[in-house]
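The following report describes a protein with its bound ligands, as laid out below. Please read it alongside the sequence and the coordinates.

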Amino acid sequence: MKIIMLGAPGAGKGTQAKKLAVKYKIPHISTGDIFRLNIKAGTPIGLKAKVYIDQGQLVPDDLVVELVIDRLKQPDCERGYLLDGFPRTIPQAQALDAALDQKNDSIDCAIDVNVPDENIIKRMSGRRACLNCGATYHIEHIPPKKEGICDVCGNDLILREDDKPETVKKRLEVYHKQTQPLIDYYRKKKKLLSVDGTKDMDAVFNNIMKALEA
Ligand code: ADP
Ligand code: ADP
Ligand code: ZN
């Protein structure tokens with residue numbers, strides 16, 4: 001199974017991708033998580049990416065594409081994978097298609113988790129992230145067992161710098177301009193599944209499962 005998660009920042013792509021990865025026993029590949037790990041470790045990729053991420057802009061295509069194509073060559077990707085946060089532009093989607101095409105391969109589907117902008121800003125200000133293991137929570141909807149502490153690994157939870165309302169507005173603008181066109185791109189290829197992302201976490205998951213099994 002090779003699945004792409006589409007949707008605005010904060011739509012719940014990561015939350016659903018983690019559940020699907022467990023269900024299908026395939027790796028969850030989040031470009032945002034990869035960048036945050038690189039930033040934390042102070043690698044050259046992290047230093048380059050940080051400038052864009054802090055401003056709510058996209059990291060340049062060439063940097064992201066190389067990173068993802070390399071990752072897909074790892075043995076754990078042989079049985080499939082879930083791409084979360086990639087592709088985010090038409091050129092990224094074309095580069096992915098071209099790389100798969102070389103191996104006579106293609107993705108199975110792109111799942112659009114649809115959430116209107118009004119809901120996004122609220123969701124993002126309540127998001128709390130663990131930079132150690134990548135788990136995410138929501139202070140109202142999906143709270144950790146102990147306030148401010150990751151259920152999975154016990155590290156402190158943070159409000160991401162780029163989840164503050166001003167940067168979220170910028171990210172939404174960038175989303176509509178650069179990422180939303182991918183919905184049509186995959187629809188034309190007959191790969192698109194769309195789900196209502198405003199429902200609660202388990203309802204969204206059930207709807208995705210129904211769509212995948214249809
Ligand atoms: P969210 O989960 O809110 O959608 P991510 O964690 O996926 O955000 O990404 C955080 C930031 O990392 C993005 O705002 C962008 O700057 C950068 N980024 C992640 N994936 C990509 C990508 N495929 N192309 C360009 N930039 C990316
Ligand atoms: P994305 O990866 O698309 O940026 P996340 O999966 O990180 O989005 O979710 C964004 C925020 O919304 C997080 O705080 C998450 O816990 C919360 N969230 C995710 N799915 C739902 C849902 N169905 N209902 C309410 N809150 C949700
Ligand atoms: Zn953790």
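In this predicted model, a nitrogen atom of ligand 1 is placed 2.9 Å from an N or O atom in the side chain of Gln92, a polar contact in the sense of a pair of N or O atoms within 3.5 Å, where pairs within protein must also join a possible hydrogen donor to an acceptor and residues adjacent in sequence count only through two side-chain atoms. Taken alone, ligand 1 exposes 550 Å², of which the protein buries 96%, with accessible areas computed by the Shrake-Rupley method with a 1.4 Å probe, only the protein chains shown counting as cover for residues. The model is predicted, so that local features need pLDDT of at least 70 and side-chain atom pairs count only at pLDDT 80 or more, while totals for chains, interfaces and linings use all residues. Residues are numbered from 1 along each chain as its sequence is written, chains are lettered from A and ligands numbered from 1 in the order in which they are written, and side-chain values use heavy atoms, with hydrogens and water left out.

The polar contacts of the two ligands are collected here.

| Ligand atom | Protein partner | Distance |
|---|---|---|
| ligand 1, nitrogen | Gly85, polar backbone atom | 2.8 Å |
| ligand 1, oxygen | Arg88, N or O atom in the side chain | 2.9 Å |
| ligand 2, oxygen | Arg127, polar side-chain atom | 2.6 Å |
| ligand 2, oxygen | Tyr137, polar backbone atom | 2.7 Å |
| ligand 2, nitrogen | Met201, polar backbone atom | 3.2 Å |

Around ligand 1 there are 21 residues, of which Thr31, Arg36, Gln57, Gly85 and Arg171 come nearest; a residue is near a molecule or strand if one of its heavy atoms lies within 4 Å of it. Helix α2 (residues 31-41) contributes the largest share of this shell, four residues, where helices (H or I, at least four residues) and strands (E, at least two) are DSSP runs numbered from the N terminus. By class, the shell around ligand 1 holds eight nonpolar, six polar and seven charged residues, with Ala, Val, Leu, Ile, Met, Phe, Trp, Tyr, Cys and Pro counted as nonpolar, Asp, Glu, Lys and Arg as charged, and the others, Gly among them, as polar.

Ligand 2 has 18 residues around it, with Gly10, Gly14, Thr15, Arg127 and Tyr137 coming nearest. Both α1 (13-24) and β6 (136-138) supply at least two residues of the shell around ligand 2, and that shell comprises six nonpolar, seven polar and five charged residues.

An open sheet of five strands follows the order β2-β3-β1-β4-β7 with parallel pairing, two strands being paired if DSSP finds at least two bridges between them. Because β2 (28-30) and β7 (192-196) stand at the edges with a single partner strand each, one side of each is left without a neighbour in the sheet. Three bridges join β2 to the parallel strand β3 (residues 81-84), and Ser30 has Asp84 as its bridge partner in β3.

Some backbone details lie in loops. Phe86 and Pro87 are joined by a cis peptide bond with omega about -5°, and Pro87 belongs to the loop between β3 and α5 (90-101). Asn104, in the loop between α5 and β4 (109-114), has a positive phi near 60° although it is a residue other than glycine. Asn104 is exposed, with a relative accessible area of 75%, where buried means under 20%, exposed over 50% and partly exposed in between (1.4 Å probe, protein chains only). Lys190, likewise not a glycine, has a positive phi of about 60°, and lies in the loop between α8 (181-188) and β7.
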